[in-house]
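Got your viewer open? Then let's take a walk through this one together, picking out a few residues at each stop.

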Amino acid sequence: MSLITNQVLIIKLGALGDIVMATALIKGIVDKHKSSRCTLLTTDKYREVFVNWNNLLIKTFPRHGLIHNARTLSWMRHQKFTHLYDLQGSNRTRIMSRFSNIPVRVGNLQHPAYTHCPKEPWLGKIHIFNRMIEVCNSSGVDIQYKLPYFPQNTAEIKKIENWLAKSMLTGKDIVLLHAGVSPKRPEKQWPYFPELATYLIQRNIVPVWIGGEPDRELNSMLSSVAGIDATAEFSASELSQLSNFAKFAVTNDSGPMHILSSGNIPIFGIFGPSDWVRNHALGQEKYVITLNKLSTSGPKGTNLSELTPSHVITFIEKTLF
């Protein structure tokens, strides 16, 4: 058994897309500290993202409430951590870092909470993942893997193969579609997924509607138009493996968009009011579809109702076919 030389705490609380992008950063930190015990502090609903990680302990806590925050800080102070990586960068995690008594503390800003941070201030002009690479680099952590990291699991792959066979999709061309968004951000929802699904069927491509329980009613309606309803069929890790069985995916700016980008297929992420430059799926910049990225004759606003099915279908056809 190797000698444990340090204890490392990594903080990343959410949201889902940010958690998924951070998996590459967390992998880099864990690889840097191979002889250390590494612990991730997150919230319980994101535990499933790390189900196949064998070298990472998971500690969860409720995100809201002063009592929970105080208990978590007390826990941090008593664990004898030697290194802290704050990948969240919120006011709350800065306070936790500042009073954690952990000797080495890495964060996004020049602040008393951190002993290491990038030399350049954070101005929000680049993709958040690239900024967090700079954060890790500031303490000597080199991020080599730059896609969401989901360790493969043969049982998960077998489950997917069985589901495809049961759904009579084995050997067929499928496209993964995620039409849902956070209830807090309804303006990010593209309204023309039924038209896209009809187009796919005409090309002998089967739409597969993915998402969690909040998407169930929407996916039931959409699958009645065309395709297969796969609501809540797959965990985050399983969904990352499912991407390798599809031709491509089309999603709103959402957590599943980031999960699917761990595979080797194009992910057409539809962006409206949010900044695609800072938030697109890793490795998928060329596949972003947005009002402000199309030709000079295309629409220029941020209202996704202006992004017609014709705009999206034409972009996909020019890119793939």
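## Stop 1: a ring in the core

Start by selecting phenylalanine 268, which has 0% relative accessibility and so counts as buried. Keep in mind as you go that this is a predicted model.

Now add phenylalanine 315 to your selection. The two ring centres, of phenylalanine 268 and phenylalanine 315, lie 6.1 Å apart, and with the planes at 90 degrees the pair is edge-to-face. Phenylalanine 268 belongs to strand β10 and phenylalanine 315 to helix α11, so the pair ties together parts that are 47 residues apart in sequence. Phenylalanine 315 is also counted as buried, at 16% relative accessibility.

## Stop 2: the sheet

Next, switch to a cartoon view and look for the strands. You should find an open sheet of six, in the order β8-β7-β6-β9-β10-β11, with parallel pairing. Which strands stand at the edges? They are β8 (228–229) and β11 (289–290); each has a single partner strand, so one side of each is left without a neighbour in the sheet. In general, strands of a sheet pair through backbone hydrogen bonds.

Zoom in on β7, residues 206–209, which pairs with β8 in the parallel sense over two bridges. Select tryptophan 209 here and you'll see aspartate 229 of β8 standing opposite. Then colour helix α11 (residues 309–320): this helix packs on the sheet and touches β9 (248–252), β10 (267–271) and β11. The direction of α11 makes about 150 degrees with that of β10.

## Stop 3: more aromatic rings

Time for more rings: the structure holds 11 aromatic pairs. Pick tryptophan 53 and tyrosine 149. Why is this pair called edge-to-face? The centres of the two rings are 5.2 Å apart and the planes are at 80 degrees, so the pair is edge-to-face.

Trace the chain between them and you'll see that the pair links distant parts, 96 residues apart. Tryptophan 53 is in the loop between β2 (37–42) and β3 (57–60), while tyrosine 149 is in the loop between α4 (128–137) and α5 (154–166). Is tryptophan 53 buried or exposed? Tryptophan 53 counts as buried, at 8% relative accessibility, whereas tyrosine 149 is partly exposed at 23%.

Add Phe50 and Tyr145, and you have one aromatic cluster together with Trp53 and Tyr149. Show lysine 27 as well: this residue lies over the face of tyrosine 149, at 5.2 Å from the ring centre. For another charge over a ring, jump to arginine 98, whose charged end sits over the ring of phenylalanine 99, 5.6 Å from the centre.

## Stop 4: the cysteines

Now select cysteine 38 and cysteine 136. How many disulfides does the structure hold? Zero. The sulfur of cysteine 38 has its closest cysteine sulfur in cysteine 136, at 12 Å, which is too far for a bond; a disulfide needs the two sulfur atoms within 2.5 Å. Cysteine 38 is buried at 3% relative accessibility, and cysteine 136 is buried too, with a relative accessible area of 0%.

## Stop 5: a serine in a loop

Last, select serine 262, in the loop between α9 (255–260) and β10. This serine is buried, with a relative accessible area of 16%. Which residues is serine 262 in contact with, leaving aside neighbours within four places in sequence? Show Pro148, Phe150 and Ser240 to see them. To finish, draw a C-alpha to C-alpha distance from serine 262 to isoleucine 143: they are 16 Å apart in space and 119 residues apart in sequence.

Conventions: Residues are numbered from 1 along each chain as its sequence is written. This is a predicted model: local features need pLDDT of at least 70, side-chain atom pairs count only at pLDDT 80 or more; totals for chains, interfaces and linings use all residues. Side-chain values use heavy atoms; hydrogens and water are left out. Buried means under 20% relative accessible area, exposed over 50%, partly exposed in between (1.4 Å probe, protein chains only). Two strands pair if DSSP finds at least two bridges between them. Helices (H or I, at least four residues) and strands (E, at least two) are DSSP runs, numbered from the N terminus. Contact means heavy atoms within 4.5 Å. Axes are lines fitted to C-alpha atoms, for helices over the stretch in contact, and angles run from 0 to 180 degrees between N-to-C directions. Rings of Phe, Tyr and Trp (its six-membered ring) pair if their centres lie within 6.5 Å; planes under 30 degrees apart count as stacked, over 60 as edge-to-face and the rest as tilted. A charge sits over a ring if NZ of Lys or CZ of Arg is within 6 Å of the ring centre and within 35 degrees of the ring normal.
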